[in-house]
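Hi there,

I am passing a structure on to you, with some notes to help you find your way around. Please have a look at it first, then read on below.

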Amino acid sequence: MTGGASGIGRACVEAFHAAGARVGVLDLDPAGAPEDPRVHGVRADVADRASLTAAIASVAHAFGGVDILVNNAGISAVGEVEANDDAQWARVLDVNVTGVARATAVTLPYLRRSRAAAIVNISSIAAGAGLPKRALYSASKGAVHALTLAMAADLVGEGIRVNCVAPGTVDTPWVARLLANAADPQAEKRQLAARQPTGRLVTAQEVAEAVVYLASPTAGAVTGTSLAVDGGMSGLRLPAR
Ligand code: NAD
């Protein structure tokens, strides 16, 4: 699990525990992972292949193998297409897109030894919704969708399933950081909630349950798909309120 020390990743750790799994947490700051004998926290940066290679080897050694990879680590970017400079484009794409490919590449040798291998990538509503002032972030998450499909096609013959979860706005420290910069954080939070037809933010636990489903043998016939956990935001066409 990349980025397993906070928000959606941390909720995934707990949901995997409830399903009986042990979890390796690969994070810039693994100290945020739950303190639990079923958790193996390792400092890793998805932008750094050497740290990922060492971290995955450490998890495989601790647990005797790796069956599931969740590519969850990601960073935010705000603004229209001209708002971010070349260094910001390079950095966000390196973490959000190449980071998924990199973590997958170093984990595949272990997944190939598993009889129940699955990969779940965390994309976003931003990949397909045309959200304003999210050009770079949306491009990065659109690429995660495309990469999910391409990897699913390449790995289906080896019995490795690849899917993604596309959350709407989820109540995590990430959103708290975004709101902290708003003129009126509470009003902004209400607006984010109202944008979703269910009228509330998604919880990290709701995203985590979808991740566990896609990773489990229950989803044995599911590969190359994107599961929206977005309060109906991407699918419903309701009259404006
Ligand atoms: P978060 O900021 O609460 O947690 C992100 C975690 O990733 C942190 O523990 C952080 O240390 C780790 N991380 C960041 N960069 C890393 C790197 N280079 N290497 C390793 N670890 C790194 O965020 P969150 O809201 O839980 O988001 C998790 C994922 O969900 C992200 O990919 C994000 O794009 C996606 N997402 C979030 C929302 C939302 O509204 N919160 C919506 C859609 C998609």
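Axes here are lines fitted to C-alpha atoms, for helices over the stretch in contact, and angles run from 0 to 180 degrees between N-to-C directions. Helices (H or I, at least four residues) and strands (E, at least two) are DSSP runs, numbered from the N terminus. What you have is a predicted model, in which local features need pLDDT of at least 70 and side-chain atom pairs count only at pLDDT 80 or more, while totals for chains, interfaces and linings use all residues. Residues are numbered from 1 along each chain as its sequence is written.

Let me start with the helix pairs. The axes of helix 2 (residues 49–63) and helix 3 come within 9 Å, crossing at roughly 35°. That crossing of helix 2 and helix 3 is right-handed (the near helix is turned clockwise from the far one by less than a right angle; anticlockwise would be left-handed). Residues count as in contact if their C-beta atoms, placed from the backbone, lie within 7 Å. On that basis Arg 49, Leu 52, Thr 53, Ile 56 and Ala 60 of helix 2 meet Arg 102, Ala 103, Val 106, Thr 107 and Tyr 110 of helix 3. This contact of helix 2 with helix 3 has 6 nonpolar, 2 polar and 2 charged residues (Ala, Val, Leu, Ile, Met, Phe, Trp, Tyr, Cys and Pro count as nonpolar, Asp, Glu, Lys and Arg as charged, and the others, Gly among them, as polar).

Helix 3 (residues 86–111) also meets helix 4 (residues 135–155): their axes come within 10 Å and cross at roughly 20°. Helix 3 and helix 4 are therefore roughly parallel (angles under 35 degrees count as roughly parallel, over 145 as roughly antiparallel, 65 to 115 as roughly perpendicular and the rest as oblique). Their crossing is right-handed, and the contact of helix 3 with helix 4 has 12 nonpolar, 4 polar and 1 charged residues.

For helix 1 and helix 7, the axes come within 8 Å and cross at roughly 55°, so the two are oblique to each other. Helix 1 passes helix 7 in a right-handed crossing. Among the residues that meet here are Gly 7, Ile 8 and Ala 11 in helix 1, and Ala 204, Gln 205 and Val 207 in helix 7. By class, the contact of helix 1 with helix 7 has 10 nonpolar, 2 polar and 2 charged residues.

Now to the sheet. It is open, with 4 strands in the order 3-4-5-6 and parallel pairing (two strands pair if DSSP finds at least two bridges between them). Strand 3 (68–71) and strand 6 (226–229) are at the edges with a single partner strand each, so one side of each has no neighbour in the sheet. Neighbouring strands are turned by 20° against each other on average, direction ignored. Between strand 4 (residues 118–122) and strand 5 (residues 161–167) there are 5 bridges; Ala 118, for instance, has Arg 161 of strand 5 as its bridge partner. Helix 3 packs on the sheet, touching strand 3 and strand 4, and its direction makes about 175° with that of strand 3. Helix 7 (residues 204–215) packs on the sheet too, touching strand 3, strand 4, strand 5 and strand 6.

Finally, which residues are closest to the ligand? They are Gly 3, Gly 7, Gly 74, Thr 172 and Trp 174, out of 29 that surround the ligand (C-beta atom, placed from the backbone, within 6 Å). Helix 1 (7–18) and helix 5 (173–180) each supply at least two residues of this shell.

Best wishes

Definitions and conventions. Two residues are in contact if their C-beta atoms, placed from the backbone, lie within 7 Å.
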